[in-house]
Amino acid sequence: MKDLFGRNINYLRISVTDLCNLRCQYCMPQGGVCKVDHEDVLSIEEFYEIAKAFVSLGINKIRITGGEPLVKKGIVELVEKISKLDGVKDLAMTTNGIYLKDYAKQLKDAGLNRVNISLDTLNPEKYKEITRGGSLLKVLDGIEEAKKVGLTPIKINTVLIGDFNTDEIENFVYITKQEEIDVRFIELMPIGEASDWAAKKFVSNSMILDKVKELEKTEGNDPSSPAVYYKLPGGKGKVGIINPISCKFCDACNRVRLTSRGKLKLCLHSNDEIDLKNVLQSGRDLEKTIKEAILQKPEEHHLEEGKYIIRNMYEIGG
């Protein structure tokens, strides 16, 4: 599918739940989120039907997100159904890794290709602090199990947070020296209720290149990827730098997002949504609606102007 600006939209991110088993300070309220009524959330079959419509229109890359997707009942079934769609070339998942040790083999057998792990510190106490009670050991065990069953290449997503983990930049980078793991640093985004907190803790990703000067930019970066990749000399993995605040990558954006309530978001940083759940349940032409929606995808976002979105990240799926 092409949008009005000639971008080929081939990537769908599906948030299967708002719920999460962690309470990360920049993402979730301390008391958790209110559960929505069962009928307001897409069923496994509805997720599949919408995914099938997107794939029929040219989507070939799908990522399952949350909240935390591994708390979703029926997640393995959904992965298996989507993996069997003719045209899906890459099926991935972003997870916090807490339940990954238990689910890795099931997910691999169901057809999942790879995982991204959200991990902001390698210090157990700091991890417990930022997640409000999470266990770093469970995440590390999950990463090992993912390696064992072949959910690779593994990517670690690290949000850079001022006065919290900037002293660990080198530690994360040097994981890529010995491991075939990519570490991607992401600037803290002012989204939802965490907007004020994020603004106070924001640090530019330029700090990474200042701290690790031996990083060398790799050739052949995918223009549709938000990450610019670097490598340590002789490193087995790569270091990705994602700058949604200090540097836009809208001109090559190829993605759209589906929330757990069936809302289609054409841009992460826009409040505009299209209700595909209603379209599906009313029997209207889903593919026609999607094609018309793609033509509404904005040319760029405007975070630099302080136009922050209302929804929280756990409601969108990143």
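This passage looks at the overall make-up of the chain, two helix packings and an aromatic pair.

The model is predicted, so local features are taken only at pLDDT of at least 70 and side-chain atom pairs only at pLDDT 80 or more, while totals for chains, interfaces and linings use all residues. Residues are numbered from 1 along each chain as its sequence is written, and side-chain values use heavy atoms, with hydrogens and water left out.

Taken as a whole, the chain has 11 helices and 12 strands (DSSP runs numbered from the N terminus: H or I of at least four residues for helices, E of at least two for strands). Of its 318 residues, 56% count as buried (under 20% relative accessible area with a 1.4 Å probe, protein chains only; over 50% is exposed, and in between is partly exposed). Among contacts (heavy atoms within 4.5 Å) between residues at least 6 apart in sequence, 74% join residues at least 24 apart.

On to the helices. Helix H3 (residues 100–110) packs on helix H5 (residues 136–149) at about 20°, and their axes are 8 Å apart. Axes here are lines fitted to C-alpha atoms, for helices over the stretch in contact, and angles run from 0 to 180 degrees between N-to-C directions. H3 and H5 are therefore roughly parallel (under 35 degrees; over 145 is roughly antiparallel, 65 to 115 roughly perpendicular and the rest oblique). The crossing of H3 past H5 is right-handed (the near helix is turned clockwise from the far one by less than a right angle; anticlockwise would be left-handed). On the H3 side sit Leu 100, Lys 101, Ala 104, Lys 105 and Lys 108, which meet Asp 141, Gly 142, Ile 143, Glu 145, Ala 146 and Val 149 of H5. That contact splits into five nonpolar, one polar and five charged residues (Ala, Val, Leu, Ile, Met, Phe, Trp, Tyr, Cys and Pro are nonpolar; Asp, Glu, Lys and Arg charged; the others, Gly among them, polar).

Helix H1 (residues 44–56) and helix H10 (residues 286–294) have axes that come within 10 Å and cross at roughly 60°, which makes H1 oblique to H10. Glu 49, Ile 50, Ala 53, Phe 54 and Ser 56 of H1 touch Leu 286, Glu 287 and Ile 290 of H10, giving five nonpolar, one polar and two charged residues.

As for rings, the whole structure yields one aromatic pair (Phe, Tyr or Trp rings, the six-membered one for Trp, with centres within 6.5 Å; planes under 30 degrees apart are stacked, over 60 edge-to-face and the rest tilted). Phe 172 and Phe 185 meet edge-to-face, 6.2 Å centre to centre with 85° between the planes. Phe 172 belongs to helix H6 (residues 169–178) and Phe 185 to strand S6 (residues 181–187), so the pair ties together parts 13 residues apart in sequence. Both Phe 172 and Phe 185 are buried.
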